[in-house]
Structure formats: structure tokens, C-alpha cells
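Let's take a walk through this model together, from its overall make-up to its charged pairs, a helix and a set of strands. Have the structure open as you read.

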Amino acid sequence: MEADSSLGISTTNPSATDPQRAAVEQAQQAAAAAAQDAEPRLLLKVTPGTPVGSQYDELAGRFRPVFARIAAGAAERDALRRLPIEQVGWLNAERFGALRLPASEGGYGASLTDTFRLLIELGEADSQIAHLLRAHIAFVEQILVHPDEAVRAKWVARIAAGQLIGNAYAERGGNRMGSWNTQLNVTPYGVSVTGTKYYCTGTIFADWTVVAATNPTREGRHLAVVATSHSGVQIYDDWDGFGQQLTGTGSTVFDDVPVDTLFGPTEQPHFPESSIFQLVLLAVQAGIARATLADARAAVQARTRAFTTGTGVPLRDEPQVLQLIGEISAQSFAAESVVLAAVAEVESLFAQEELSPQETYTACELVANRAQSAVQPLVLAAASKLFDGLGASATSTSCNFDRHWRNARTIATHNPAIYRARIIGDYEVNGTPPATHDSAGEAASSYIRQI
């Protein structure tokens with residue numbers, strides 16, 4: 001071998017004999033040939049942009065077999081509109097909902113970041129199941145910091161046992177913004193709740209649900225937790241959206257249902273509940289992006305038919321198709337990285353005791369708003385781009401590839417992102433903190449624009 005005189009460095013080994021050098025070169029050539037024949041290994045981190053926590057590998061090892069079973073039937077369940085009741089049971093059996101509880105209290109002691117990393121993996125397996133846990137995840141965060149030890153202990157024990165909590169906040173219409181038609185009935189014998197709710201995500205799968213209601217004896221938002229098994233609770237699977245159809249986001253009717261636990265308006269008035277709700281949706285979006293990439297990659301690898309307008313090579317070697325898969329991969333990476341960065345920032349904010357409740361609320365809301373504004377366009381673009389390299393056959397209902405776009409588009413309509421960017425800008429320019437509204441509803445006034 002010749003010396004590289006331009007660098008003054010010799011590439012020979014003066015101590016090696018010619019036979020030795022020949023043997024080394026032969027071994028190197030054999031290894032190179034074997035590597036060329038082998039299938040390429042995908043060197044992708046499970047979750048980009050975040051360090052591996054001390055518990056993450058152990059937790060992932062426990063839940064990934066369940067995620068794999070869930071993923072196996074996800075496309076078929078979506079196509080047939082079959083509620084994942086059995087699959088939610090699999091997660092409950094492993095007490096996925098107890099991730100955040102301390103190990104000393106029957107949970108796994110997971111950090112918020114590791115919990116969301118697992119939630120993204122679950123979202124990749126089935127975005128519907130990850131989504132329906134939204135209210136439960138937010139409820140757990142509130143219970144962990146609840147000032148009443150008796151209330152906290154009761155709910156920690158229930159969650160540690162595998163019980164789930166659903167959501168019954170919103171009403172379809174007729175209620176004034178910031179109030180509810182759903183009423184608490186306060187009597188000497190106890191408190192009950194009566195009313196009709198919609199968008200009750202997760203309630204059909206849950207043991208308990210949190211009902212937002214008006215208290216005739218006290219102003220503000222009251223959250224009444226009731227058992228879904230009570231005879232006065234009627235749950236309907238009547239969500240008619242074109243995406244996320246299996247989340248149980250339908251109607252629930254409450255007829256004089258006894259209240260197990262009542263949270264008044266002065267308890268954690270500025271707890272960043274809405275930011276947790278939004279970050280769960282963004283984690284689901286990141287999971288959809290990962291599922292989109294997995295389906296696109298598998299379809300390209302399996303396809304043998306080439307387009308007449310292409311270069312005539314197999315699809316897996318078509319440069320433009322490879323570029324497209326690379327773009328989907330980049331969009332998935334970016335979406336997931338933004339979500340996890342936002343979750344890590346919220347987790348850090350929770351630990352800063354020097355912040356006032358209002359400051360914590362403001363900072364967490366801004367984090368979630370920024371993430372929402374950035375993530376949703378990435379995921380929607382990836383879910384749409386999947387079809388560009390596969391052609392008309394990818395639109396077959398047997399593939400059900402459109403579920404990724406339908407589900408991502410449906411999630412993107414929650415708490416519309418167009419308002420989020422405006423809220424961020426108002427804070428950046430004018431220092432205006434995000435406003436708090438107890439509920440959606442009819443605006444205080446309306447007008448007809450004069451043309």
C-alpha cells in the first residue's frame with residue numbers, strides 16, 4: 001500500500017508481513033461483501049431528541065408486547081368501527097393508567113416525559129386508544145398534587161387498582177360560554193348531578209367520569225366525579241366524526257346520579273389541566289406520524305410494480321419515492337421531538353415551586369400552544385404524503401391508509417390551532433397571558449357584519 005505523501009502519513013503497517021496484509025485485506029473484502037448482501041438495519045432511536053430515563057427501558061419492555069397486540073388489529077377495528085373494549089382491558093390488566101403513581105403507592109413511578117414517550121408508542125399502535133386515555137392522564141396529574149390527603153389517597157388507590165377515569169365536560173350547545181346546563185342537585189342527603197354531555201371521550205371505557213356542572217349554591221366550575229356503572233348514567237356511542245371514531249367521544253346522560261367526589265372552583269384554580277389535555281392529543285399526533293411512516297415504508301418495500309412515469313426501477317430504489325419516505329421520516333421525527341420537548345418543559349415547570357399558580361398556568365399554556373402550532377401541520381402533511389409515492393392502489397379501503405389522515409385531521413380540530421398562534425403572538429408582543437375559560441358555549445353577544 002502506498003503512503004499518502006500529501007499528508008505525510010503512511011497507510012502501511014511496517015510490522016506486518018505481506019502474507020499478513022493479504023489475509024487482513026481478504027477478511028475485510030469478505031466482510032464488506034457480506035454487509036452488502038445483508039438487509040440494511042434501521043438505526044432509528046425509539047424516541048428521538050430525549051435521553052433515556054432510568055425507568056424507560058424497563059417500562060417499555062413491559063408494555064410493548066401489549067402495544068404489539070393492539071397494533072395487530074388496529075386497521076381492521078378502524079375499518080369496522082369496532083370499539084377497542086378488549087384492548088383497553090389489556091392495558092388495564094397491566095395498569096397502564098397507573099404509570100405516574102409513585103411505586104410506594106402501587107404505581108410505576110414514571111416521569112411525565114417517560115409516560116408521554118410510552119403514550120406516543122401506544123398512539124403508533126392505535127391512535128384511538130391513546131386518545132381515549134386523555135382525561136384519565138389529566139385527572140391523575142391533578143390527583144397527585146391534590147391538597148386533601150384523604151381525597152388523594154382514595155383516588156390513588158383506585159387508579160393503582162387499574163380503574164379508568166373519563167371525561168364529561170362539554171355540551172353540544174345552548175349553554176352560555178363559561179357555564180353549563182348540567183346542574184348539581186345539593187340536598188341534605190348529598191349531591192347528585194343531572195344533565196346531558198357530548199364529546200365524552202373515554203367515558204364508555206371508564207369506571208368513573210368527571211362531569212363539569214353548575215352549582216346553584218356556589219359560583220364557578222364544579223367537577224363532579226361519578227360512577228359510570230350507576231343506573232342513572234346512559235352512555236351512547238354516537239360520535240359521528242370521520243376520524244378517531246373509536247374513542248367513545250359521544251353523548252352521556254346523567255339523571256340524578258350521586259356524586260362520589262366534588263372538586264370546587266377554588267381547588268387548584270390555575271392548575272394547567274388544559275395543557276395536559278392538549279399535550280396528550282399532540283402525543284397521539286406524533287404516534288400517528290410514526291404509524292404513517294411504518295405503513296409507507298412497508299408498502300414501498302413490498303411493492304414490485306413500477307409506474308410508467310417512473311425510472312423503471314423497483315419502487316424501493318426509485319429516487320423520488322425514497323425522498324418522499326425521507327420527508328415523512330423527518331416530519332415524524334420533528335413532530336415527536338417537539339412534543340417531547342414540550343412535555344419536558346411542562347415537567348420542569350411543575351417542579352418550580354417559586355412560580356405562582358397563575359405563572360405556572362401561563363407558562364404551560366404557552367408551551368402547549370407553541371407545540372400545537374408546530375406539530376399539527378407536520379403530521380397532516382406526512383399523513384397526506386403517504387399516498388404520493390404509492391399511487392391509486394393506496395386508496396383502496398382494504399389498506400385503510402386514509403385512517404392516518406382522517407384521525408390526524410380530526411384531532412387537529414380540537415381546540416382549533418388558529419387561535420393558538422394568535423394567543424402566542426399576543427403574549428410575545430403585548431405580554432397578554434392566555435385567558436382561562438371554564439367552558440365552550442354560546443358567545444355573550446353576536447352580530448351580523450354589514451356589507
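## The chain as a whole

A residue counts as buried when its relative accessible area is under 20%, as found with a 1.4 Å probe and with protein chains only. By that yardstick, 46% of the 451 residues in the protein chain are buried. Please keep in mind as you look around that this is a predicted model.

The chain holds 13 helices and eight strands. Its accessible surface comes to about 22,200 Å², and carbon and sulfur atoms account for 54% of that. Contacts across the sequence are also worth a look: of those between residues at least 6 apart in sequence, 76% join residues at least 24 apart.

## Charged pairs

Side chains of opposite charge can pair when their charged atoms come close. How many salt bridges does a search of the whole structure find? The search gives 19.

One of them is formed by Asp126 and Arg77, whose closest N and O atoms are 2.7 Å apart. Asp126 sits in the loop between α5 (112-125) and α6 (127-132), while Arg77 belongs to helix α3 (residues 74-80), so this pair ties together parts that are 49 residues apart in sequence. Are these two residues buried or exposed? Both Asp126 and Arg77 are buried.

Another salt bridge links Asp295 and Arg403, with 3.6 Å between the closest N and O atoms. Here the partners come from helix α9 (residues 273-302) for Asp295 and helix α12 (residues 402-412) for Arg403, so the pair ties together parts that are 108 residues apart in sequence. Arg403 has a relative accessible area of 13% and is buried, because the cut-off is under 20%.

## A pair within one helix, and a network

Asp114 and Arg117 also form a salt bridge, their closest N and O atoms being 3.6 Å apart. These two lie three residues apart in helix α5, so about one helical turn separates them. Asp114 counts as buried, at 6% relative accessibility, and Arg117 is buried too, with a relative accessible area of 3%.

Salt bridges can be followed beyond a single pair here: Asp78, Asp402 and Arg406 are linked in a network of them.

## The two sides of helix α4

Now turn to helix α4 (residues 85-93), where Gln87, Val88, Trp90 and Leu91 are buried. Why do they lie on the same side of α4? They cover an arc of only 150° around the axis, which puts them there together. The other side of α4 has Ile85, Glu86 and Ala93, which are exposed.

What do the buried residues of α4 pack against? Their neighbours are α2 (56-72), α3, α5 and α6. Just after α4 comes Arg95, which takes a positive phi of about 55°.

## Strands β4, β5 and β8

Strand β4 (residues 208-215) pairs with strand β5 (residues 218-227) in the antiparallel sense, over eight bridges. The two strands form a hairpin, with two residues between them. To find the register, start from Val210, whose bridge partner in β5 is Val225.

Strand β5 is also joined to strand β8 (residues 261-263), by three bridges, and these strands run antiparallel. Val225 appears again in this pairing, standing opposite Thr261 in β8. Val225 is therefore a handy residue to select on screen, with Val210 as its bridge partner and Thr261 opposite it in β8.

Terms used: Residues are numbered from 1 along each chain as its sequence is written. This is a predicted model: local features need pLDDT of at least 70, side-chain atom pairs count only at pLDDT 80 or more; totals for chains, interfaces and linings use all residues. Side-chain values use heavy atoms; hydrogens and water are left out. A salt bridge is a side-chain nitrogen of Lys or Arg within 4 Å of a carboxyl oxygen of Asp or Glu. Helices (H or I, at least four residues) and strands (E, at least two) are DSSP runs, numbered from the N terminus. Buried means under 20% relative accessible area, exposed over 50%, partly exposed in between (1.4 Å probe, protein chains only). Contact means heavy atoms within 4.5 Å. Accessible areas come from the Shrake-Rupley method with a 1.4 Å probe; for residues, only the protein chains shown count as cover. The arc is that of the directions from the helix axis to the C-beta atoms. Two strands pair if DSSP finds at least two bridges between them.
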